[in-house]
Amino acid sequence: KVLAGQKRLALLGFKQGGMPGYGLRRMLVTPTGVPKQILESGERKSLATDRVILVPGPAHDVQCVKDIFRMLVFEKRPIYAIARELNRRGIPFIRGSSWSYQKVYNLVTQPKYTGCHVWGRTSSRLYTRPLRLPKSDWILKHGAFEPIIDAETFAEAQKVLAKRTFNLSNEDLLQRLRTLLASQGRLSLRIFKSSPDVPSPSTFRFRFGSLRHAYELIGYGSAKQFA
């Protein structure tokens, strides 16, 4: 019964716990969707019949989200380069922390920035460990929130990310590494971060165990560690 109730609320576009995410805020609404107030961090609804939706946050945070997608989609910057640029500008992440590869990556892969509510990414019943569910099992409610990013830009961002990593074989990755070495004459973390056509160092670590091993596979085994 609890699961069925959660699914019903998800299909209506109501959020059911969890952090809103960068650039977003939780809005308390009536059962019919009439706004009541913004919920600050740690605040909860007082009436069981009230619901929660997401709304765009402060203007500077919203603009930052738009800038991130612009840098990814139109400027073709690597995720690392985007994180570095945000830190250079002195733009804080949530609770004043700095930006990282994972934080930027998580942001640009979240459909909620298009106003789409996603529920059911994981399942944990009767105190069992959470299990990741396939996308076909997710519950999506498009138009649940006011969007920050249009659907076309978000879809293009996913294409950019897919071309960089997911659809590349190990040999494709090594070939891009060879091309980068040929053009730069050497390899370093700085060169990785400034090269939009080369996947992130973490991708090579995941595929080959370490960057050192990837280097060795292209005949760069005597190279020094990152500068």
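R26 of strand β1 stands opposite L39 in β2. Elsewhere on β1, L28 has Q37 of β2 as its bridge partner. Strand β1 covers residues 24-29 and strand β2 residues 35-39; the two run antiparallel and are joined by 4 bridges. Strands here are DSSP runs of E with at least two residues, helices are DSSP runs of H or I with at least four residues, and both are numbered from the N terminus. Two strands are taken to pair if DSSP finds at least two bridges between them.

The model is predicted: local features need pLDDT of at least 70 and side-chain atom pairs count only at pLDDT 80 or more, while totals for chains, interfaces and linings use all residues. Residues are numbered from 1 along each chain as its sequence is written, and side-chain values use heavy atoms, with hydrogens and water left out.

**The sheet**

The hairpin formed by β1 and β2 has 5 residues between the strands. In its turn, G33 has a positive phi of about 95 degrees. On β1 there is also pairing with β3, again antiparallel, over 6 bridges. One of the residue pairs involved is L24 with its bridge partner P56 in β3.

Together the 3 strands make an open sheet in the order β2-β1-β3, with antiparallel pairing. Its edge strands are β2 and β3 (51-56), each of which pairs on one side only. Neighbouring strands of this sheet are turned by 40 degrees against each other on average, direction ignored; the axes behind this value are lines fitted to C-alpha atoms, for helices over the stretch in contact, and angles in general run from 0 to 180 degrees between N-to-C directions. In a regular strand the side chains alternate between the two faces of the sheet.

Although β3 is an edge strand, 5 of its 6 residues are buried, and the strand is mostly covered. Buried stands for under 20% relative accessible area, exposed for over 50%, and partly exposed for values in between (1.4 Å probe, protein chains only).

**Helix α3 and its surroundings**

Helix α3 is largely enclosed by the rest of the structure, because 7 of its 10 residues are buried. The buried residues in α3 are I79, Y80, A81, I82, A83, E85 and L86. Just after α3, G90 takes a positive phi of about 75 degrees.

K193 lies in helix α7, which spans residues 189-193. Leaving aside residues up to four places away in sequence, K193 touches P78, Y80, A81 and R84; a contact means heavy atoms within 4.5 Å. Of these, Y80 and A81 are among the buried residues of α3. K193 itself counts as partly exposed, at 21% relative accessibility. The C-alpha atoms of K193 and R77 are 8.8 Å apart in space, although the two residues are 116 apart in sequence.

T153 is placed in helix α5 (residues 151-166). With residues up to four places away left out, T153 touches F69 and V73. Both F69 and V73 fall within the range of α2 (59-73). T153 is buried, with a relative accessible area of 14%.

**Positive phi outside glycine**

K76 and R95 have positive phi values although neither is a glycine. K76 is found in the loop between α2 and α3 (79-88), and R95 in the loop between α3 and α4 (101-108). K76 is partly exposed, whereas R95 is exposed.

| Residue | Phi | Relative accessible area |
|---|---|---|
| K76 | about 55 degrees | 38% |
| R95 | near 60 degrees | 73% |

**The chain as a whole**

The chain holds 9 helices and 7 strands. Its C-alpha atoms fill a box of roughly 65 × 40 × 30 Å, taken along the principal axes. Of the 227 residues in the chain, 43% are buried. Among contacts with a separation of 6 or more, 59% are between residues 24 or more positions apart.

The accessible surface of the chain is about 13,400 Å², and carbon and sulfur atoms supply 55% of this area. Accessible areas come from the Shrake-Rupley method with a 1.4 Å probe; for residues, only the protein chains shown count as cover.

There are 38 positive and 16 negative charges, and their mean positions are 6 Å apart. Lys and Arg count as positive and Asp and Glu as negative, while His and the chain ends are not counted. Each charge is placed at NZ of Lys, CZ of Arg, CG of Asp or CD of Glu.
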